[in-house]
Every structure is written in structure tokens, then in C-alpha cells.
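Please look over the structure shown below before reading the report that goes with it.

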Amino acid sequence: YYAVVQLRDLIENERENIVRLEETFQLTRTLVEGGLRSQIELDQADQNMMNARVRLMQDERQYRDSLDEFKITLGLPIRSRIELDYPDALKELNRMGPLQVPVGESEAFEVAMKSRTNVLRRAAAVRDTQRDVEIAADAFLPTLNVTLGVNAANAGPRDAAKIRFDRHTRFASGTFQYDLDQTNNRDAYRNAMLAQDQALRNWHEFVDLLRLDISQSYRSLMLSKQTYELRLRNVEIAKRRRKLAVLQQKEGQAAARDVLEAEDDLRQAQNGVTGALVSYTTTRLQFMTTLGLLVVDEKGMLHEREKPFEYDRIRQRYPYLSGPAGAAR
């Protein structure tokens, strides 16, 4: 949704840019007609304005395509008419700014180890291989089967419910089995040990990759936040530069090229600040989701948890899901 809103904002920024370019074109034409500027500057202003119109058409097409794809994501027909909450949604994002992440980098890893389902599956897979080793080891032990029994006949066909316990027989038997050839058991035990070692190596690699993923995601968040703050300053500088360039052009101290460059930089700065804010917001949402810090209510609205969702009851019943020994390293 935020990506579609960002494309909608590109259209608005381009429309504002076209208005500024038209003002620059009219001012440049007046200066050219008065003999104060050359025709080259007028042609350059006209060319920039046509390029802006082409970009606007491309942005509108990209926005419509993205909106149709968003309809499919929502399970709506392509022909259905929906409207984005623009510009209110974007204004609300700018008002809130980059929201803080409630956990630090190291704490995020600990939360992920307790809240992510793939961690539970990996730990359970290691435990399964450990059980396979125990089962394979049991195969080396001998087998002793003991059978005890009592037989007692009834009183006769007409007295089937009466059992003659005074006339009964007892029996007992036992079998002892031990394979002298333990080749198959040895091979099965060795394969189980190899599978366990492989599972442990996979577990340690998984933990390292998880730690790397958390670290990279956290660094991306911090980078997006800093980028947004710099983009905001860039917009202020671009607005001031464009205003100064227009005043200097009217006084004959700046060429049309200076104004056109300032206007294009302003457009890019406005697009950049929206892109940085949307990037931070979406990255933060994904980061919070992987840590179990987001919940969706019955209306489809997102809410942030004060504490992450953890599989405490599962861990209490199966303590081995806390991870194999030495997993955190």
C-alpha cells in the first residue's frame, strides 16, 4: 500500500514541477523577447518542460499498473474502483516520522530465537536426530521376552460362565535373542551419528545466518532513518536554492539553466524524502513482524505489541526447543 502511495506522490511532485517549469518558461521567453537572454535558454526551458510531461505520463501509467496489482493482492476485481488515502496517509507518515524500534540489535536476536517458528523447527530437527542415535544404540542390546499364562476351562456347554479354577494349567516361556553379527546395527548407528553431526552443523549455520539477517535488517533500518533525515534537509536546501535562482534570473544574474537545474533537484529531493520514509516504514514493519511484535486484528488493522509473542507453552512442554547446547555461541 505504501509503495502505491509513493507512486501517487511521484505524480503530484511531477505536476508541481511542471507548474514551476511553465513559470520559468514564461519568464525566460519574456527575457528573450527583451533581448536579455538567448534563444538557447528558451529552448532548454521548453525541452525540460516536455521531458517533465513525458515523465508524468510514465508515472501515471506506472501508478495505474501498481494500483491494479494492489487490487489483485486484496482479491478485488481489476475493474473495481478504489481510492487511496492520499495525501492524508502520506501526511500522517511524515507527521509521525521514523518510529523507533523497541528493541536493540542484540536484544532483537534473542527475541528472534524465542519467537520465530523456523527456530523451533530447526531445534526440533536436531532433537529428532538425537533420538535416532538413541534408537540406533538400543539395537545393540539383547532382547529377552518372557511369557506367563494360565488356562482354565469352563464347567460345560450349559455353564459357560462358570470357570473351573480348581482345574487349571500354568505355563511360562522365555526367549533370549542376541545377534552375534552386529554389522547392520553398527552401520545404522554410525549413520545416525553422522546425521546428528550434520544437523548440529546446520543448526549452528542457521543461528549464524539468523544473527546476520537480524544485524543486516537493523543496520538497514538505521540507514533508512538517517537517509530520511538527510533527505528532509535536502528538500529545504532545494527549495531555498530554487527560490534564489528564480530571483537571480529576474534580476539577470542567473541563467535559465541554473533555475532548471534547481527545479529538477527539488523534484528529486521531494521524491527522495518520500522514498526514504516509505522504505523505512516498510522495512520496520517487516522487522517487527519477524520478531513477533505485530498483531493483526479482525478488521485487518496492525497493532504493535509491547512484548513479543513467544511460544512459551511449547517450550515448557518441550524444553529441548530452547536450542541445542552451545547454539548461541
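The report below follows one helix, its packing and the loop after it.

The model is a predicted one, and the account starts with helix H2, which runs over residues 39–74 and has 36 residues. From its first C-alpha to its last, H2 reaches 52 Å, which is close to the 52 Å expected at 1.5 Å a residue.

An α-helix has 3.6 residues a turn, so residues three or four places apart point the same way. In H2, the buried residues are Glu-41, Leu-42, Ala-45, Met-49, Ala-52, Leu-56, Asp-59, Tyr-63, Ser-66, Leu-67, Phe-70 and Lys-71. Their packing partners are helix H1 (2–33) and helix H7 (256–290).

Two packed helices are described by the angle between their axes and the distance between the axes. The axes of H1 and H2 come within 9 Å and cross at roughly 165°; because angles over 145 degrees count as roughly antiparallel, H1 is roughly antiparallel to H2. The crossing in which H1 passes H2 is left-handed, and the residues of this contact divide into 16 nonpolar, six polar and 11 charged.

After the end of H2 comes Gly-75, whose phi is positive. In the loop between H2 and helix H3 (88–96) lies Pro-87, and the peptide bond that leads to Pro-87 from Tyr-86 is cis. The table sets out the backbone angles of these two places.

| Place | Angle |
|---|---|
| Gly-75, following H2 | phi near 75° |
| Tyr-86 to Pro-87 peptide bond | omega near 5° |

Notes: Residues numbered from 1 in each chain as written. Predicted model: local features only at pLDDT ≥ 70, side-chain atom pairs only at ≥ 80, totals over all residues. Heavy atoms only, no water. Helix = DSSP H or I, 4+ residues; strand = E, 2+ residues; numbered from the N terminus. Expected span 1.5 Å × (residues − 1). Buried < 20%, exposed > 50% of the residue type's maximum accessible area, 1.4 Å probe, protein only. Contact = heavy atoms within 4.5 Å. Axes fitted to C-alpha atoms, helices over the stretch in contact; angles between N-to-C directions. Parallel < 35°, antiparallel > 145°, perpendicular 65-115°, else oblique. Left-handed = near helix turned anticlockwise from the far one by under 90°. Nonpolar A, V, L, I, M, F, W, Y, C, P; charged D, E, K, R; others polar.
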